[in-house]
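Q: I'm new to this structure and would like a close look at one part of it. Could you take me through the salt bridges, and then show me what else lies around them?

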Amino acid sequence: MTATVLSGRRVVVGVSGSIAAYKAVSLARLLCERGAVVDVAMTPSATRFVGPLTFASLTHRPVVTDVLELDADQQIEHIELAEAADAIVLAPATANLLGELAAGLVGNAVTAIACASRAPVVVAPAMDAGMWTHPATQRNVATLREFGYIVIDPEVGELASGLTGIGRLAEPAAIVDAVERLFVRTGSLEGLSVVVSAGGTREPLDPVRFIGNRSSGKMGAAIAESARDRGASVTLVAGAMSVAPPRGVTVVEATTAQLMREAIIRAAPDADILVMAAAVADFAPARASQRKIKRSGDNLQVELVPNPDIVAEVGEMPDDVRPFLIGFAAESDDLEANAAAKLRDKGLDLIVGNVVGGPFDAIGSDENKVTVFGAEGPLTDWPMLPKRQVAERLWDLIGDRYRRRRTEGDGGPARTKGRRRS
Ligand code: C5P
């Protein structure tokens, strides 16, 4: 099978009880044909229109029909699926399902998965024309759009009642297109070489111990994944990460600040854009003991020496090799002043600031609330968002600034290096 944007993606298809449930069979088949790993969840009423066995036979995977079911490993199935999903598509979505979703009622497997997951959701309603146009339904659809769900409006045509009107489920191929569009961002980084650092560094004390930090690498991984989907060729310089690096990016492992410095300094001159999302330790033990340090009963003094400031070093590179440079600032207080100082001192083009150590802690979380600063001050006012959505917004902004810099032709760093060197 040739690779598509859906290859290997986990897509959950949620089916509710409309006569159009039979079309969800074609939808599941099309998604499987495009290489997606498809899990089907059904509301109880959906199972009266189509048998779960039909979906299980097509997808070669169990079908979730009961919100109170455990899987073979005694895990809660709908939560497992919610976490594993790269995308959720609810088709057909009945008026009742839209109402439940809008109200946060999670009494069945489909609504429970949609509510528990932070994956993007595509909703394809199907119902009688009177139900679709009712203000309650329209209000629910508006609420779902506010949640960020992508709603594919039903089509006009013959309905199950025999009447003609609006309410027919969109064609399965159109629904697949909408799912694919979640993963393809029209080439905004096409032809560009992007380097992203992610995760934390571990500075060795002895063969088994290190000084490290709680960085999970989730933000950097999301940034790398989003750049890949926008057509960039991506190198991920990976420190210690608690998530797997995205597929389709070149991974360079660099778990100490020194190794990360070597990897970044080597990669930077060929990169168009460098996003330094890694939590690099500012200090490392002056000496790492060759042998495991033994307990002696005495206090142990460890001398720490400063690590190289990698991003600042890249910031000082000559213009013809210096990539467009984005740093991160995790601050416990005075975010704006600290971020502005770092932007200036490290020679960055943009800095992404987030507050750590307060009631919400972005470290390790699946969500983040960031503010991006340029030389002119704060540029964004974004709410708390899933990290993947933060990454999308970051690339919209970075791509824009990068292209603007390039068209301004100021001889600065923002030229396509691949093109220049060819
Ligand atoms: O100064 P501070 O560590 O808060 O700066 C954070 C930014 O600098 C991040 O982008 C981080 O990846 C980068 N950094 C670096 N080298 C270091 C420390 C931080 O590149 N030694």
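A: Here is a walk through the salt bridges, followed by the sheet, a surface patch and the ligand.

First, a caution: this is a predicted model. A search of the whole structure turns up 26 salt bridges. The general idea is simple: side chains of opposite charge can pair when their charged atoms come close.

Let's start with Arg287 and Glu303, whose side chains meet in a salt bridge with 3.4 Å from N to O. This pair links distant parts of the chain, 16 residues apart, and both Arg287 and Glu303 sit in the loop between strand 14 and strand 15 (304-306). How open are they to the outside? Arg287 has 63% relative accessibility, so it counts as exposed. Glu303 is at 46%, which means it is partly exposed.

Next come two bridges that both reach helix 14. Asp349 and Arg405 join through their side chains, at 2.8 Å from N to O. Here the partners are 56 residues apart: Asp349 belongs to the loop between helix 13 (335-345) and strand 17 (350-355), while Arg405 is in helix 14 (residues 387-408). Is Asp349 buried or exposed? Asp349 counts as buried, because its relative accessibility is just 12%, and the cut-off for buried is under 20%.

The other bridge is between Glu376 and Arg401, with their closest N and O atoms 3.1 Å apart. Glu376 lies in the loop between strand 19 (370-374) and strand 20 (377-378), and Arg401 is in helix 14, so to speak a link across 25 residues. Glu376 is exposed, because its relative accessible area is 55%.

Some salt bridges also join up into a network. Its members are Arg9, Glu225, Arg228, Asp229, Arg230, Arg388, Glu392 and Asp396.

Now for the sheet. Strands 17, 19 and 20, which came up above, belong to an open sheet of 8 strands with mixed pairing, in the order 12-11-8-13-16-17-19-20. Strand 12 (250-253) and strand 20 stand at the edges with a single partner strand each, so one side of each has no neighbour in the sheet. As a rule, strands of a sheet pair through backbone hydrogen bonds, either parallel or antiparallel. Strand 8 (residues 193-198) and strand 11 (residues 233-238) run parallel, joined by 6 bridges. Along that pairing, Ala198 stands opposite Ala238 of strand 11.

Back to strand 14 (residues 283-285), which is where Phe283 is found. Phe283 counts as partly exposed because its relative accessibility is 45%. Together with Ile211, Leu300, Val302 and Leu304, Phe283 forms a nonpolar patch on the surface, and the five share about 440 Å² of accessible area.

Last stop: the ligand. It is surrounded by 13 residues, and the closest are Met276, Ala278, Pro308, Phe328 and Lys342. Pro308 also has a backbone N or O atom 2.8 Å from a nitrogen atom of the ligand. Ile310 places a backbone N or O atom 3.0 Å from a ligand nitrogen atom. For Val311, a polar backbone atom is 2.9 Å from an oxygen atom of the ligand. On its own the ligand would expose 440 Å², and the protein buries 88% of that.

Definitions and conventions:
Residues are numbered from 1 along each chain as its sequence is written. This is a predicted model: local features need pLDDT of at least 70, side-chain atom pairs count only at pLDDT 80 or more; totals for chains, interfaces and linings use all residues. Side-chain values use heavy atoms; hydrogens and water are left out. Patches are made of residues with over 30% relative accessible area and no salt bridge: like charges are joined within 9 Å, nonpolar side chains (Val, Leu, Ile, Met, Phe, Trp, Tyr) within 5 Å. Accessible areas come from the Shrake-Rupley method with a 1.4 Å probe; for residues, only the protein chains shown count as cover. A salt bridge is a side-chain nitrogen of Lys or Arg within 4 Å of a carboxyl oxygen of Asp or Glu. Helices (H or I, at least four residues) and strands (E, at least two) are DSSP runs, numbered from the N terminus. Buried means under 20% relative accessible area, exposed over 50%, partly exposed in between (1.4 Å probe, protein chains only). A residue is near a molecule or strand if one of its heavy atoms lies within 4 Å of it. A polar contact is a pair of N or O atoms within 3.5 Å; within protein, one must be able to donate a hydrogen and the other to accept it, and residues adjacent in sequence count only if both atoms are side-chain atoms. Two strands pair if DSSP finds at least two bridges between them.
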